[in-house]
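Reader: Hello! I have a protein on my bench and would love a close look at one part of it, the cysteines and the loop that holds some of them. Could you walk me through that, with enough of the surroundings to find my way?

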Amino acid sequence: PSARAVLPGHVSGEVPVVLGGRSIYYGLLLYAAQWHGNFWAVAILQAILVSIAIFLTVLILRRMLGDSPSPAFVIGCGLLLAACTPVGYFASYLMPDIFGGLGLLAFGHLVFLWRENGRYSRLFWIAMLATAVLFHTANFLLIGLLGLGAALVPNFRGSAGKVGLSAVLAALILGAAGQALFTWGVKHATGAAPVRQPFIAARIIADGPGYEYLREHCPEARLVFCRAASFEERVSDALLWSKSPESGIFQALSPTEQRLAASQETEFVGAVLRDRPLDLIGSSIGAFYRQLTHFDLESFNYTASTIDQFNRKIPSPFLDDARQSRAYANTMPIAFVEWSTVAAVLASLAAIFRALLAMLRRGGRLPERGTFLLTLVLGVFVNAAVCGAFSTPKGRYQMRLIWVLPLAALALGRVRGGEPRHAREGDMPSARLSRPSSTLASS
């Protein structure tokens, strides 16, 4: 019934806020699963997509190293990732998080390994890249920044393929068009555009620089955020989502004030940057560091506040299912994977950088597989900057794509003699690598 309040002809008073940054396209996937009875179809589909991504990455990297991996080796890599990294959790998570890792892998394959992929694997990666940027704004920023680096940084530009970069550009245009269509649709239906939550404002208030600015300049600053100057506690999530006027600067406001808060965010952040630049830069670096070192799966065990939200928002048939889950009972087994992920990432980074140094010693510059590996590492850092500095550090933001590093390390494995077979035999890489492409396409 509340939906009638936002339809033309039914508006009484203020138009309720429709939140931006939420993917209607991923929502369509969930609706499609419900049309067939339940959400299991989405979990199964995501698991299949991840399995294909693991298979293709292992197959192509091993073949570039001159080896043809056995089915047992590929399956073993998948089982190790499922047991010791968060990939299994996020493959079955009804959120678009898993597409962060899939999008990062797709970017690397399309830009740096285009020649090594066959026709069908290229189509798969193009589909994953387009899906990733449509499903989550953070993925759009991640892919956009990596694409900019691949186009401008000399060491990457030399390895990047023009066709692959064109595919990335096309995916970004599709993502932007999808957001524009959503904005137009909401505005057409309600008379008001969707509103993006003031994530950065909430973070810098919680971290201190924004709060100190408000205490010094309010009420003269005439900002909606001035109400936070009197808050005793300042937690970013509470600032955004609390409905209490004593602790919230967004959800606690009227729709008109919410829109004003969103529109004032850029002005507020700019004012804080001019007033106390070192404090703001320091807090942003601190947020980036916290995000980069945040390894937890807490969101897979529901907190009391999450359960309260579920009780208020989820229809009873779905809520009855949720109440039977281990997550609802706070008994999901996450501790082992949290610790094993840290160990796996550290070991993977060591293996990747050892491989990169060996490549540099042999040729003086990184070949395509080297820039592919380095892009995965840089992608994790860029993701931490996007999600940490521009939002609030959360373990989920890191864990949803960190599994790409152990995947790359497993795919590297151990090469006989420490170098690719074509380097030992004197073959030109293009001659040896022209054959696997057709084999991969048939695979």
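Reader: To get my bearings, what radius of gyration would a compact globule of 443 residues have, and what does the protein have? After that, which cysteines are joined in a disulfide?

Author: Happy to help! Please keep in mind throughout that this is a predicted model. For a chain of 443 residues, a compact globule would have a radius of gyration near 22 Å, and the protein has 24 Å, which agrees. The C-alpha trace spans about 75 × 55 × 40 Å along its principal axes. As for secondary structure, the protein has 22 helices and 0 strands.

A little more of the overall picture helps before we zoom in. Buried residues account for 47% of the 443 residues. When contacts between residues at least 6 apart in sequence are considered, 75% of them join residues at least 24 apart. The protein exposes about 21500 Å², with carbon and sulfur atoms supplying 63% of that area. There are 39 positive and 27 negative charges, and their mean positions are 12 Å apart.

Now to your cysteines. Searching the whole structure turns up 1 disulfide. It joins C218 to C226, with an S to S distance of 2.0 Å. The torsion about this S-S bond is about -75°, so the disulfide is left-handed. Both partners fall under the 20% cut-off for buried residues: C218 has a relative accessible area of 16%, and C226 has one of 15%.

What about C77? That cysteine is in no disulfide, and the nearest cysteine sulfur, that of C84, is 12 Å away. Looking from the other side, the sulfur of C84 has its closest cysteine sulfur in C77, and that 12 Å is too far for a bond. The cut-off behind that reasoning is 2.5 Å between the sulfur atoms. The two cysteines also sit in unlike surroundings: C77 is buried, at 3% relative accessible area, whereas C84 counts as partly exposed, at 25%.

Back to the disulfide, where the backbone deserves a look too. C218 is joined to P219 by a cis peptide bond, with omega about 5°. P219 belongs to the loop between α11 (209-217) and α12 (236-241). R222 is in that loop between α11 and α12 as well. Its phi is near 55°, a positive value in a residue other than glycine. With a relative accessible area of 72%, R222 is exposed, while C218 is buried.

If you are curious about that backbone angle, there is another place to check. N330 has a positive phi of about 65° although it is not a glycine. This asparagine lies in the loop between α16 (316-323) and α17 (335-363). At 48% relative accessibility, N330 counts as partly exposed.

One more cysteine appears among the contacts of an arginine. R400, in the loop between α19 (395-399) and α20 (404-412), touches C387 along with F90, D97, G101, H136, A138 and N383, leaving out residues up to four places away in sequence. R400 is buried, with a relative accessible area of 1%.

Just along the chain you can find S391, which is placed in the loop between α18 (368-389) and α19. S391 counts as buried, at 11% relative accessibility. Apart from neighbours within four places in sequence, S391 is in contact with F199, R203, V386 and Y397.

For a last landmark, try L172 in helix α9 (residues 162-190). L172 counts as buried at 15% relative accessibility, and it touches V133, F140, I143 and G144, not counting residues up to four places away in sequence. The C-alpha atom of L172 is separated by 34 Å from that of Q309, 137 residues apart along the chain.

To find your part again on screen, start at the cis peptide bond between C218 and P219, and then follow the disulfide from C218 across to C226.

Conventions. Residues are numbered from 1 along each chain as its sequence is written. This is a predicted model: local features need pLDDT of at least 70, side-chain atom pairs count only at pLDDT 80 or more; totals for chains, interfaces and linings use all residues. Side-chain values use heavy atoms; hydrogens and water are left out. Helices (H or I, at least four residues) and strands (E, at least two) are DSSP runs, numbered from the N terminus. The radius of gyration is taken over C-alpha atoms; the globule rule is 2.2 Å times the number of residues to the power 0.38. Buried means under 20% relative accessible area, exposed over 50%, partly exposed in between (1.4 Å probe, protein chains only). Contact means heavy atoms within 4.5 Å. Accessible areas come from the Shrake-Rupley method with a 1.4 Å probe; for residues, only the protein chains shown count as cover. Lys and Arg count as positive and Asp and Glu as negative; His and the chain ends are not counted. The place of a charge is taken as NZ of Lys, CZ of Arg, CG of Asp or CD of Glu.
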